[in-house]
Amino acid sequence: MFTLQIEHSIKDFEMWKAAFDRDPVNRAASGVVSHRVCRPVDDAHYVVVELDFAALEQAERLLANLKATVWNSPVAAPALAGAPRTRILETTG
């Protein structure tokens, strides 16, 4: 199992969540088998998203798609504040 972890500042959670729920990258078709949205208890303007995949290549493809088509679009990502921080994790245990 591989997890694409995405962290970033946001302008407004409700606006961000509405854009996330529109699913501009079609998570299911991209291989996402489950996901989690988390918020730090002390920062209402920050989110951590974890997207789980069966294969590393799926996570890498979705990350490339996010960079190319979503994060640079004010329409697709209206609440994004700054550049997302990402990493791909492998479940080991």
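A nonpolar core is a set of buried Ala, Val, Leu, Ile, Met, Phe, Trp, Tyr and Cys residues joined through side-chain atoms within 4.5 Å. Buried means under 20% relative accessible area, exposed means over 50%, and partly exposed lies in between (1.4 Å probe, protein chains only).

This is a predicted model, in which local features need pLDDT of at least 70 and side-chain atom pairs count only at pLDDT 80 or more, while totals for chains, interfaces and linings use all residues. Residues are numbered from 1 along each chain as its sequence is written, and side-chain values use heavy atoms, with hydrogens and water left out.

## The core

The largest nonpolar core holds 21 residues. W16, L51 and L66 touch the most other members. Four elements give two or more residues each to this core: β1 (2-10), α1 (13-22), β3 (46-53) and α2 (56-70). The largest share, 5 residues, comes from α2. Such helices (H or I, at least four residues) and strands (E, at least two) are DSSP runs, numbered from the N terminus.

What does L66 touch, not counting residues up to four places away in sequence? L66 touches L4, I6, V25 and W71. Contact here means heavy atoms within 4.5 Å.

## The strands

Strand β3 is mostly covered, with 8 of its 8 residues buried. Both of its faces are covered. On one side stand Y46, V48, E50 and D52, and on the other V47, V49, L51 and F53. Strand β1 is largely enclosed by the rest of the structure, because 8 of its 9 residues are buried.

Next comes the pairing. Two strands pair if DSSP finds at least two bridges between them. β3 runs antiparallel to β1 and also antiparallel to β2 (residues 34-38). β1 also pairs with β4 (residues 80-90), again in the antiparallel sense. The table gives each pair with its bridges and one residue match.

| Strand pair | Bridges | Residue match |
|---|---|---|
| β1 and β3 | 8 bridges | T3 and D52 |
| β2 and β3 | 5 bridges | C38 and V48 |
| β1 and β4 | 8 bridges | E7 and R85 |

T3 also matters for a loop position. A54 lies in the loop between β3 and α2. The C-alpha atoms of A54 and T3 are separated by 8.8 Å, although the two residues are 51 residues apart along the chain. Is A54 buried or exposed? A54 counts as exposed because its relative accessibility is 59%.

## The loop between α1 and β2

D23 has its place in the loop between α1 and β2. D23 is not a glycine, yet its phi is positive, about 55°. At 22% relative accessibility, D23 counts as partly exposed.

N26 has its place in the loop between α1 and β2. Its phi is near 50°, a positive value in a residue other than glycine. Why does N26 count as partly exposed? Because its relative accessibility is 41%.

R27 is found in the loop between α1 and β2. R27 is buried, with a relative accessible area of 11%. Leaving aside neighbours within four places in sequence, R27 is in contact with F20, V32, H35 and L51.

## The cavity

Rolling a probe the size of a water molecule over the atoms shows where empty space is left. On a 1 Å grid over the protein atoms alone, a cavity is a set of points where a 1.4 Å probe fits but cannot get out, and lining residues have an atom within 4 Å of a point. Grid points are joined across faces, edges and corners, and a volume is the space filled by probe spheres set on the points.

How many cavities of 30 Å³ or more are there? The count comes to 1. About 260 Å³ of space lies in the largest cavity. Its lining has 19 residues, and the closest to its centre are W16, F20, L66, V70 and W71. The elements that give two or more residues to this lining are β1, α1, β3 and α2. The largest share of the lining, 3 residues, comes from α1.

The lining of the largest cavity divides into 16 nonpolar, 1 polar and 2 charged residues. In this grouping Ala, Val, Leu, Ile, Met, Phe, Trp, Tyr, Cys and Pro count as nonpolar, Asp, Glu, Lys and Arg as charged, and the others, Gly among them, as polar.

Definitions and conventions: On a 1 Å grid over the protein atoms alone, a cavity is a set of points where a 1.4 Å probe fits but cannot get out, and a pocket is an open set with protein on both sides within 12 Å along at least five of seven lines; lining residues have an atom within 4 Å of a point.
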